[in-house]
Amino acid sequence: MTTRKIIIDTDPGQDDAVAILLALACPEQLEVLGLTCVAGNVPLDLTTRNARVICELAGKADVPVYAGCDRPLGRDLVTAEHVHGRSGLDGPTLPDPTMPLQEQHAVEFIIDTLRSRPDKSVSLVPIGPLTNIATAFKNAPDIIDKIDEIVLMGGSHFAQGNVTPVAEFNIHVDPQAAEIVFRAGVPLVMIPLDVTHKALVTPARNAALRAIGTPVGRAVAELTGFFERYNPERYGEGGAPLHDPCTIAWLLRPELFQGRKVNVEIETRSELTMGMTVTDWWGTTGRRPNATFIHTIDAEGFFDLLIERLARL
């Protein structure tokens, strides 16, 4: 089995935490070259802290963590403490990290890594706003053709929005960055709300995570339990959508998902629809497809995978 080399670009976030843990639990399939942090769910000083907390929880303090952009390209930062709590990782009580933050800027790490590796040997997994990725593309356009694939969590179509009536949070925070990434020509897999709202942490699934019986299992149950409190009040659902781990699950077991190649454009002009992912589902515009839009998930298979792999940590 070939080990896939990835960089996870993240703004932890409870669901980011679960995604990172899932990736770190699968070293035979995924080699995490580094975690690059961006401002998003909470400001950058907290996302860099949280990423290191997660690595230490997993017993993987050797994974390098880099601080990236602390604000979007052209807008004020919008955060989501009302969802994730003041720390971004509210729920469990986890110790402050002792592992160091790398001195190199996250954008420089992305550029240097892609330049130093063979072509098409590294995939990017952005699970927050796309500011770091877009900045790397602007500063070093030569790296664009070297990327194997981008697998991102963001956007929506039939599911509409979760931060505005039509916009998903990650894209809405930095739509200018998203526009750059979606127009770059890199093979792109999009994990939108249409999928993640089908991957619900129900009480039974939360109990199964807790029943793993390890510090990681208990922490994940507490993370997802906190996250769950917000969503039924808003959506009336029987659990919380577990957004970001779907990207890692797609890398591990793509057969759990179904997708469709479509054209996706990012709204960057209208404040009414800012950050909307305008998805040409029926091919009416004639624009060339630029993304594989994942629209279906085997939720039971996803949670079986999550529980089985997290039990390894």
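**Exercise 1. State how S9 is joined to S11 and to S10, and name a bridge partner in each case.**

Solution. Begin with the pair S9 and S11, which run antiparallel and are joined by 6 bridges; here the bridge partner of Gly259 is Ile294 in S11. Turn next to S10, which is joined to S9 by 4 bridges, again in an antiparallel run, and in which Asp280 is the bridge partner of Asn263. Strands are DSSP runs of E with at least two residues and helices are runs of H or I with at least four residues, both numbered from the N terminus, and two strands pair if DSSP finds at least two bridges between them. The model is predicted, so that local features need pLDDT of at least 70 and side-chain atom pairs count only at pLDDT 80 or more, whereas totals for chains, interfaces and linings use all residues. Residues are numbered from 1 along each chain as its sequence is written, and side-chain values use heavy atoms, with hydrogens and water left out.

**Exercise 2. Place these strands in their sheet, and describe the helices that pack on the sheet or lie across its strands.**

Solution. The sheet is open and has 9 strands in the order S3-S2-S1-S4-S5-S6-S11-S9-S10, with mixed pairing. Its edge strands, each of which pairs on one side only, are S3 (65-67) and S10 (277-280), and the twist from one strand to the next averages 30 degrees. Within this order S1 (residues 4-10) and S4 (residues 122-126) run parallel and are joined by 5 bridges, with Lys5 standing opposite Val122 in S4. Helix H1 (residues 14-24) packs on the sheet, where it touches S1 and S2 (30-37), and its direction makes about 165 degrees with that of S1. Helix H7 (residues 175-182) lies across S5 (147-153), S6 (188-191), S9 (257-266) and S11 (291-297), running at about 115 degrees to S9. Such angles run from 0 to 180 degrees between N-to-C directions, the axes being lines fitted to C-alpha atoms, for helices over the stretch in contact; contact means heavy atoms within 4.5 Å.

**Exercise 3. Decide whether Thr268, Arg117 and Asn139 are buried, partly exposed or exposed, and list what each touches beyond four places in sequence.**

Solution. The classes follow relative accessible area, found with a 1.4 Å probe on protein chains only: buried is under 20%, exposed is over 50%, and partly exposed lies in between.

- Thr268, in the loop between S9 and S10, counts as buried because its relative accessibility is 13%; Thr268 touches Pro175, Gln176, Glu179 and Met274.
- Arg117, in the loop between helix H4 (106-116) and S4, is partly exposed, since its relative accessible area is 29%; Arg117 touches Lys5, Leu33, Val122 and Lys146.
- Asn139, in helix H5 (residues 131-139), is exposed, since its relative accessible area is 53%; Asn139 touches Val107 and Ile111, and the C-alpha atoms of Asn139 and Val107 are 8.8 Å apart, although the two are 32 residues apart in sequence.

**Exercise 4. Characterise the lining of the second largest pocket.**

Solution. Among the lining residues are Glu149, Gly185, Lys261, Arg288 and Thr292, and S6 and S11 each supply at least two residues of the lining. By class, the lining divides into 6 nonpolar, 3 polar and 3 charged residues. One of the lining residues, Glu149, is 32 residues from Arg117 in sequence and 14 Å from Arg117 in space, C-alpha to C-alpha.

Technical notes
On a 1 Å grid over the protein atoms alone, a cavity is a set of points where a 1.4 Å probe fits but cannot get out, and a pocket is an open set with protein on both sides within 12 Å along at least five of seven lines; lining residues have an atom within 4 Å of a point. Ala, Val, Leu, Ile, Met, Phe, Trp, Tyr, Cys and Pro count as nonpolar, Asp, Glu, Lys and Arg as charged, and the others, Gly among them, as polar.
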